[in-house]
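Subject: Structure handover

Hi,

Here is the structure I promised to pass on. Please open it beside this email and follow along.

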Amino acid sequence: MKLKIFTVIGLISTIALIGCAGGKGGSDVLPNQSTDGKDSTLEGTTLNLYTWDGMFPQEVLEGFTKKTGVKVNYSNFDLDETMLAKLEETKGGDYDVVIADDYILELAIKEGLVAELDKSKISTYENINPLFQGKFYDPENKYTIPYGAGIPLIVYNPDTVKTEITGYEDLWKPELEGNVGIVGNYRVIDGITLKTLGYSFNTDDLNQIQQAGDKLKTLAKNIRLISDSNLQDYLLSGEVGAAFMYTSQVNQALKANPDLKVVYPKEGLGFGIMAGFIPSKAPNSEAAHAFLEYINEPEVAAKCSEYIGYFVTNKAAESHISDEWKDLIVFPEDKLSLMEKGEIVENISDEANELHNKLWEEFRQETN
């Protein structure tokens, strides 16, 4: 969980060709295109898509097949590490498009398992929101296209919580004793504690990490539960009055009870990005580029974003998001400064990670 607009080579000529064909009522046929609108070089081929379960609405996958004639073979993994192990085993083969989390993308790219994108084949590339590009795992945007952003936020019930919450620091307020739920990701929780001290989520400074660990222990008296699954249910039932939750959980809570208050913490946001890439030895690279082009069409990207419930990473799709979802998954313009102050959670040194683990276990023992 969970987050730059570039020149698309050949985009102008592509638009010109499409415009000419459309200008004659669609009677002309583009090169390599059949009379039913499908690319004849792709029709009858198969795209091997590899990601988590439930990442695409069926109508989107069927729409791609209808448009291109390419059958989608959808395989799923449970963990990013499982995906990486599979790519290592096949040396970047077997799959055509993979969607995974940012930190694992960095490792896959470093191992040479990811192909550089041919942006001339992705005419919709410019639709991507630059806010979610140029990140640590792909600083020059050579290999990946963002698919969704996760931004954990604080949500609380103003009917039961009588103190104002504006940031992470407020979770330590004595008024919240025994009334807070948090997710169980140690880097995220240690990270927000670091932010209250003015430090980076991604510091390798062991003294800073230790300071954050010591402070985190003082939060234990306010913690009622730690859960990665269905944390929103505990907030909705009243078991906790405030919760720090993943994006999908925040959205479920707000859809069930719009009177809940959502907080974009003043210290800056921590976030993560899911992105798609083409493995280095993809069996059908042409179909892979066509798929990435297709899912970045504004209407298609909007359907996908609403389906997964994460923040929209396609700027052109924002106007196609329904009113029901707009306030939930379109990043608000007035919060851009918090994004700029925020950080994406990155890979850190083994020594720093070991200390995080040690301090997290000590914190969990304090909450029991």
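Which residues does S305 touch, not counting residues up to four places away in sequence? The contacts are Y310, V312, I321 and I329. Keep in mind that this is a predicted model.

**Helix 10 and the cavity**

S305 sits in helix 10. Its relative accessible area is 4%. Buried means under 20%, so S305 counts as buried. Other residues of helix 10 are buried too, including P298, V300, A301, A302, C304 and I308. What lies over them? The cover includes helix 2 (58-68), strand 4, strand 10, helix 9 and helix 11 (323-329). Just after helix 10 comes G309, with a positive phi near 75°.

Helix 10 (298-308) also helps to line the largest cavity. That cavity holds about 60 Å³ of space. Its lining is made of P146, Y147, I295, N296, A301, C304, S305, T313 and N314. Helix 10 supplies three of these residues, the largest share. Strand 4 gives at least two.

**The nonpolar core**

Nonpolar side chains tend to be buried together in soluble globular proteins. Here the largest nonpolar core has 112 residues. Some members touch the most others: L47, F56, M83, Y147, F244, F291 and F363. Helix 9 (residues 285-295) contributes the most to this core, with seven residues. A second core is separate and has five residues, among them I209, I348, A352 and L355.

Take a look at F291. Leave aside its neighbours within four places in sequence. F291 then contacts L47, L49, F56, L61, F64 and V97.

**Strand 3 and its partners**

V97 belongs to strand 3, where it is the bridge partner of L49. Strand 3 covers residues 97-101, and five of the five are buried. The strand is therefore largely enclosed by the rest of the structure.

Strands of a sheet pair through backbone hydrogen bonds, either parallel or antiparallel. Strand 3 shows both senses. With strand 1 (residues 46-51), the pairing is parallel, over two bridges. With strand 10 (residues 270-277), the two run antiparallel and four bridges join them. In that pairing, I99 has G276 as its bridge partner in strand 10.

**The loop before strand 3**

Two residues to check here are K91 and D94. Both lie in the loop between helix 3 and strand 3. Helix 3 spans residues 80-90. Most residues other than glycine have a negative phi. K91 is not a glycine, yet its phi is positive, about 55°. D94 is not a glycine either, and its phi is positive at about 75°.

Are they buried or exposed? K91 has 55% relative accessibility, so it counts as exposed. The cut-off for exposed is over 50%. D94 has 40%, so it counts as partly exposed.

**A five-strand sheet**

There is also an open sheet of five strands. The strand order is 7-6-8-5-9, and the pairing is mixed. Which strands form the edges? They are strand 7 (223-226) and strand 9 (261-263), and each pairs on one side only. From one strand to the next, the twist averages 20°.

Strand 5 (residues 153-156) runs antiparallel to strand 9, and three bridges join them. In this pairing, Y156 stands opposite K261 in strand 9. Helix 8 (residues 247-256) packs on the sheet. Helix 8 touches strand 5, strand 8 (242-245) and strand 9. Its direction makes about 140° with that of strand 8.

**One more loop**

Finally, look at E116. This residue is in the loop between helix 4 (102-110) and strand 4 (144-150). Which residues does E116 touch, not counting residues up to four places away in sequence? They are K142 and Y143. E116 and I278 are 162 residues apart along the chain, but their C-alpha atoms are separated by 7.8 Å.

Over to you. A good place to begin is S305 in helix 10.

Best wishes

How values were computed. Residues are numbered from 1 along each chain as its sequence is written. This is a predicted model: local features need pLDDT of at least 70, side-chain atom pairs count only at pLDDT 80 or more; totals for chains, interfaces and linings use all residues. Side-chain values use heavy atoms; hydrogens and water are left out. A nonpolar core is a set of buried Ala, Val, Leu, Ile, Met, Phe, Trp, Tyr and Cys residues joined through side-chain atoms within 4.5 Å. Buried means under 20% relative accessible area, exposed over 50%, partly exposed in between (1.4 Å probe, protein chains only). Contact means heavy atoms within 4.5 Å. Two strands pair if DSSP finds at least two bridges between them. Axes are lines fitted to C-alpha atoms, for helices over the stretch in contact, and angles run from 0 to 180 degrees between N-to-C directions. On a 1 Å grid over the protein atoms alone, a cavity is a set of points where a 1.4 Å probe fits but cannot get out, and a pocket is an open set with protein on both sides within 12 Å along at least five of seven lines; lining residues have an atom within 4 Å of a point. Grid points are joined across faces, edges and corners, and a volume is the space filled by probe spheres set on the points.
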